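Trainee: I've got this model open and I'd like a close look at one hairpin in it. Please start there and then take me through whatever else is worth a look.

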Amino acid sequence: MAGRINDEDVKAVRDAVPIDAVVSEYLQLRNAGGGNLKGLCPFHDEKSPSFQVSPSKGFFHCFGCQEGGDTITFVMKIDHLTFSEAVERLAGQAGITLRYEEGGYNPTHQRGERIRLVEAHKIAAEWYAEQLATGPEAETGRAFLAERGFDQAAAQHFGVGYSPQGWDHLTRFLRGKGFSDKELLLSGLSQEGRRGPIDRFRGRLMWPIRDIGGDVVGFGARKLYEADNGPKYLNTPETAIYKKSQMLYGIDLAKKDIAKASRAVVVEGYTDVMACHLAGVTTAIATCGTAFGGDHIKILRRLLMDNGSARVIFTFDGDAAGQKAALRAFEDDQKFAAETYIAIAPDGMDPCDLRLAKGDDAVADLAEPRTPLFEFALRQIVSRYDLDTPAGRASALDEAAPVVARIKNSGAQHEVAVQLAGMLGILDTQFVVKRVAQLARWARDRGGKGPAPDQRQRGTAPQQQAAPARAAVPGPALNLRNPVFATERELLKLALQRPDLVSPAFDAYGVDEFTAPPYAAVREAILEAGGAEFGVQDPQDYLVRVREAAPDDAVRATVTELAVEAIMRRAVDEMYAGEVLVRVRRRAVERRVHDVNGRLARLSGHGDPAELTAVQNELWVLQQYDQTLRTHGAAAL
């Protein structure tokens, strides 16, 4: 059993790997002001970015779904790792050797399952690539690539390899590297044979499939020999690290250019991705043996950031299967905020064949936006009907109008309806426009009884509507965005982000000076962590200690949110911090004055004279203190 990772090593890993560098491997980040970055949340569906990263604090927080934490937390959540697995992965990236407090350090046995499976795939990919480069048997694979215009340099760039025809060459090699039979079977690299594990891939050209972070998690294997009775392409089966519906081949190479250019080109095969990249279309990606679907869209949307200029271009073969694939893609079109297009090469060639026949320029030209995907889908629908007859035009309209009605942008919907009228040859364009609008209205009415169940569950409601859930404490839901709590929120942000500006005054504030229970809990956590004064002394460890002092996940999430959220004033200085400190204290004094006045009213006329005098004296002291705060500000604290 693995020992506990040394706390100092955990801290070293947390400090060594910048959170923005890690998050940027999975989604595009942009400047959010105040030193923060923002992007589309990878943990829930959203159309506008509510996910923020604070590089200076080392934390992230989503204001939509409330996920938050540090670099280690992010890696745990995004890749479904345990705490130890996440620390081990980041330590590997940073070149940090971890120590284990129980039983010593043993890298072979103490890594988590996912780490072991990824390591096995990495070693396998290197071994396959070596076989292709030097193995005599692999000449068939080298010839296959050469016939398609790929030299050895291209094969090395994409990590293409070759699996020998024997039964268990890779299995025996990985055993020699310390992997157990159980791990080899779980990884999908081996399968059960009559006498134990044998290689899953034999006599095939191998493409390593990497996740968005760059780890090899599976393979696509192309048949080379007639004697092979298997399918033309054989992919890794579903495993703990490989989910084909979430895989995009080439995403590790293309992600930066996709984010930079706000453009993605979706092709159909591994060789098509290679051809596009070698032709300069470095935003090309492909699915891995499955149709392009919702999980793929989520990955692309996080990279494209759904800005107004984003483009997604689908290239499909011109045959019936390619047209069917294009129509399937259109089914998910409205999940994109980006504009979607389809490109079909002359003579129906795929990018690989096009590059061979007409060169790199032809491939680059193919990837330019051509026909909007909705237009292609509508023309495919319309082509099935006899438009020379009234009945044919009516039937085509019946099938096509609901498709147009799904377009969410009302302006675009109107324009496409006019185009549909032209395709159908219906001169009264307003008839088609009204028909589409009516269908769209009916669809809205049917869904108008409340938010969709998945929206309520996944937290895609607007931020101001989601805010009450942030209270995260027993009792009635609170809207922490209520102006009543704004000053308390601002002071806690200052205490977490700029403790040097509010210490030592903040540490003298009572928990009862924060009227929102979640904020009182955060104040208590800061106190337990050593107060703002500790934040001045050890700013690197401060936020980690405050999060650890939080009593539960809800308070911990609020701490992260406040640590990441921008302070309201652009120029944050001692004067502003003093103003916030005074406002919180004066409101506390006002509440106390209100309470004392109530007691005074109850005692007047029939109360104990001595008690009445004491209450009057307390009221006078409070009023004088309030006057002093108004006159001298933070100096009176």
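In β8, which residue is the bridge partner of Gly 193?

Mentor: It's Gly 196: that residue in β8 is the bridge partner of Gly 193. Keep in mind as we go that this is a predicted model. The two strands involved are β7, residues 190-193, and β8, residues 196-199, and they pair in the antiparallel sense over 4 bridges. The hairpin that joins β7 to β8 does so through 2 residues.

There's another hairpin to set beside that one. Strand β1 (residues 30-33) and strand β2 (residues 36-39) run antiparallel and are joined by 3 bridges. Here Gly 33 has Asn 36 in β2 as its bridge partner. This hairpin has 2 residues between its strands, and Gly 34 takes a positive phi near 65° there.

Now step out to a sheet. You'll find an open one of 4 strands, in the order β6-β9-β10-β11, with antiparallel pairing. Its edges are β6 (161-163) and β11 (233-235), each of which pairs on one side only. On average, and ignoring direction, neighbouring strands in this sheet are turned by 35° against each other. If you want to trace the β6 end, look for the 3 bridges that join β6 to β9 (residues 204-210), the two running antiparallel. Within that pairing, Ser 163 has Arg 204 in β9 as its bridge partner. As a general reminder while you rotate the view, side chains in a regular strand alternate between the two faces of the sheet.

Helices lie across this sheet too. Helix α6 (residues 139-147) lies across β9 and β10 (216-223), and runs at about 70° to β9. Helix α11 (residues 270-278) also runs at about 70° to β9, and lies across β9, β10 and β11.

Next, the nonpolar cores. The largest one has 48 residues, and the members that touch the most others are Phe 51, Phe 74, Ile 258 and Leu 300. Helix α12 (residues 294-304) supplies the largest share of this core, 5 residues. Phe 74 is a good one to click on: leaving out residues up to four places away in sequence, Phe 74 touches Val 22, Val 23, Tyr 26, Leu 27, Pro 42, Phe 43, Phe 51 and Phe 60. A second core, separate from that one, has 45 residues, among them Val 217, Val 281, Cys 352 and Leu 354.

That brings up the cysteines. Searching the whole structure turns up 0 disulfides. Cys 41 is in none, and the nearest cysteine sulfur, belonging to Cys 62, is 3.6 Å away. Since a pair of sulfurs has to be within 2.5 Å to be called a disulfide, that pair doesn't count. Cys 41 counts as buried because its relative accessibility is 3%. Cys 352 isn't in a disulfide either; the sulfur of Cys 276 is the nearest cysteine sulfur to it, at 9.5 Å. Cys 352 is buried as well, with a relative accessible area of 3%.

From there, jump to Thr 560, which sits in helix α27 (residues 553-564). Its relative accessible area is 0%, so Thr 560 is buried. Thr 560 and His 61 are 499 residues apart along the chain, yet their C-alpha atoms are separated by 6.2 Å. With neighbours within four places in sequence set aside, Thr 560 is in contact with Phe 59, Phe 60, His 61, Gly 68, Gly 69 and Arg 547. Phe 60 should ring a bell, as one of the residues that Phe 74 touches. For the polar side of things, the side chain of Thr 560 makes a polar contact with the side chain of Arg 547, at 2.4 Å. A polar atom of the Thr 560 side chain also lies 3.0 Å from the backbone oxygen of Arg 556.

One last stop is Gln 413, in helix α18 (residues 410-424). Gln 413 is buried, given its relative accessible area of 12%. A polar atom of its side chain lies 3.0 Å from the backbone oxygen of Ile 407. Ile 407 also turns up among the residues that Gln 413 touches, along with Val 404, Ala 405, Val 436, Ala 437 and Ala 440, again not counting residues up to four places away in sequence.

How values were computed:
Residues numbered from 1 in each chain as written. Predicted model: local features only at pLDDT ≥ 70, side-chain atom pairs only at ≥ 80, totals over all residues. Heavy atoms only, no water. Buried < 20%, exposed > 50% of the residue type's maximum accessible area, 1.4 Å probe, protein only. Core = buried A, V, L, I, M, F, W, Y, C linked by side-chain atoms within 4.5 Å. Contact = heavy atoms within 4.5 Å. Polar contact = N/O pair within 3.5 Å; in protein donor to acceptor, adjacent residues only side chain to side chain. Pairing = 2+ DSSP bridges. Axes fitted to C-alpha atoms, helices over the stretch in contact; angles between N-to-C directions.
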